[in-house]
Amino acid sequence: MNMKVSVIGTGRMGTGLVRNLHPVMSRLVWGSRNPAGAQQLIEKYGFKGVEAAEIQTALQADIIFHALWFRDLIPWAESCRELLKGKILVDLVNPFTEDFSDFTMDWGTSAAEELQHKLPETSVVGAFKNTFFQVLEKPVHQGTVSDVYVTSDDEKAKLAVIQLLQGIPFRIMDAGRLSNNRTIERMTLFERELAIRYGHYPYVSYRIFGQGDEQA
Ligand SMILES: NC(=O)c1ccc[n+]([C@@H]2O[C@H](COP(=O)([O-])OP(=O)(O)OC[C@H]3O[C@@H](n4cnc5c(N)ncnc54)[C@H](OP(=O)(O)O)[C@@H]3O)[C@@H](O)[C@H]2O)c1
């Protein structure tokens, strides 16, 4: 696939995405408000084929993974609306309260759908919403490969992302339409609570077993 790909944000998830994506692509642009900081991380972790860039440059990609918090995401998306037109924007946000005790939206919607609503000319694809940052550092737990649920209302965009993610150490699953994020995003709140109760937070992700389970 000859798509230009970028990641926006050098926080925990942004770094984790770059860590997992760069080995399966020849070139990856890492956009930040602080490109020098991104460059330092590239050198610190030895990420090969990764180029630090201003956010504007990173938005020239065909597939853009953002790693922003919901409070920053919607204003950011609105400010970049023109540059995001016709692009695939991969969304991992979970809209939780500051203390992570609850969801901030009504039952009948999700952050992914709100983002799509704000960007009608961009194809929003949900992914990595249930994967806590420590799992991106060590994806395989005692031989178990965790799932990434990929959703979109744009079938072509969803399949492009599924194809792009082949080869990373996760099981990539077609999780259907964007509104499935009403469930998927809330699943993150639930797994967080369980991981805290059982003492392994923030090392937690999902693996749904059953058909095709013999395949990693
Ligand atoms: N933490 C987890 O385990 C986890 C799991 C699943 C999903 N998520 C979701 O992932 C997202 C990020 O979480 P995180 O833990 O990685 O947060 P984080 O470590 O605080 O990183 C957030 C990053 O967003 C970027 N950013 C902030 N404001 C921005 C703006 N106005 N414009 C552009 N970039 C901006 C910053 O990157 P620069 O400084 O480089 O610009 C910052 O480092 C959240 O939406 C969260 O719900 C997190």
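Contact here means heavy atoms within 4.5 Å. With that in hand, a look at helix α4 makes a good way into this predicted model. The helix runs over residues 70-79, and its buried members are Leu73, Ile74, Trp76 and Ala77. Quite a mix of elements covers them, including the strands β1 (5-8), β4 (63-66) and β5 (88-91). Helices join in too: α3 (55-58), α5 (81-84) and α6 (111-118) are among the elements covering the buried residues of α4. As background, an α-helix has 3.6 residues a turn, so residues three or four places apart point the same way.

Stepping back, the protein chain comes to nine helices and 10 strands. A compact globule of 216 residues would have a radius of gyration near 17 Å, and the 16 Å of the protein chain agrees with that. The C-alpha trace spans about 40 × 40 × 35 Å along its principal axes. Of the 216 residues, 53% are buried. Counting contacts between residues at least 6 apart in sequence, 68% join residues at least 24 apart. On the outside, the accessible surface comes to about 10,900 Å², and carbon and sulfur atoms hold 51% of it. As for charge, there are 23 positive and 26 negative side chains, with the centres of the two sets 4 Å apart.

The UniProt record, an unreviewed entry, places the feature "domain: Pyrroline-5-carboxylate reductase catalytic N-terminal" at residues 4-95. Over that stretch the chain is 42% helix and 24% strand, and its end C-alpha atoms sit 28 Å apart.

Alanine 160 belongs to helix α8 (residues 155-164). At a relative accessible area of 10%, alanine 160 is buried, because the cut-off for buried is under 20%. Methionine 3 is 157 residues away from alanine 160 in sequence, yet their C-alpha atoms are 9.1 Å apart in space.

A few backbone details deserve a mention. Most residues other than glycine have a negative phi, and most peptide bonds are trans. Phenylalanine 100 has a positive phi of about 60 degrees without being a glycine, and phenylalanine 128 has one of about 65 degrees, also without being a glycine. Phenylalanine 100 lies in the loop between β5 and α6 and is partly exposed, with a relative accessible area of 27%. Phenylalanine 128 sits in the loop between β6 (123-126) and α7 (133-137), and is buried at 3% relative accessible area. Finally, tyrosine 201 and proline 202 are joined by a cis peptide bond, with omega about 5 degrees; proline 202 is in the segment after α9 (181-197).

Note on methods: Residues are numbered from 1 along each chain as its sequence is written. This is a predicted model: local features need pLDDT of at least 70, side-chain atom pairs count only at pLDDT 80 or more; totals for chains, interfaces and linings use all residues. Side-chain values use heavy atoms; hydrogens and water are left out. Helices (H or I, at least four residues) and strands (E, at least two) are DSSP runs, numbered from the N terminus. The radius of gyration is taken over C-alpha atoms; the globule rule is 2.2 Å times the number of residues to the power 0.38. Buried means under 20% relative accessible area, exposed over 50%, partly exposed in between (1.4 Å probe, protein chains only). Accessible areas come from the Shrake-Rupley method with a 1.4 Å probe; for residues, only the protein chains shown count as cover. Lys and Arg count as positive and Asp and Glu as negative; His and the chain ends are not counted. The place of a charge is taken as NZ of Lys, CZ of Arg, CG of Asp or CD of Glu. UniProt positions are given in the numbering used here, feature names are shortened, and annotations may be inferred rather than shown by experiment.
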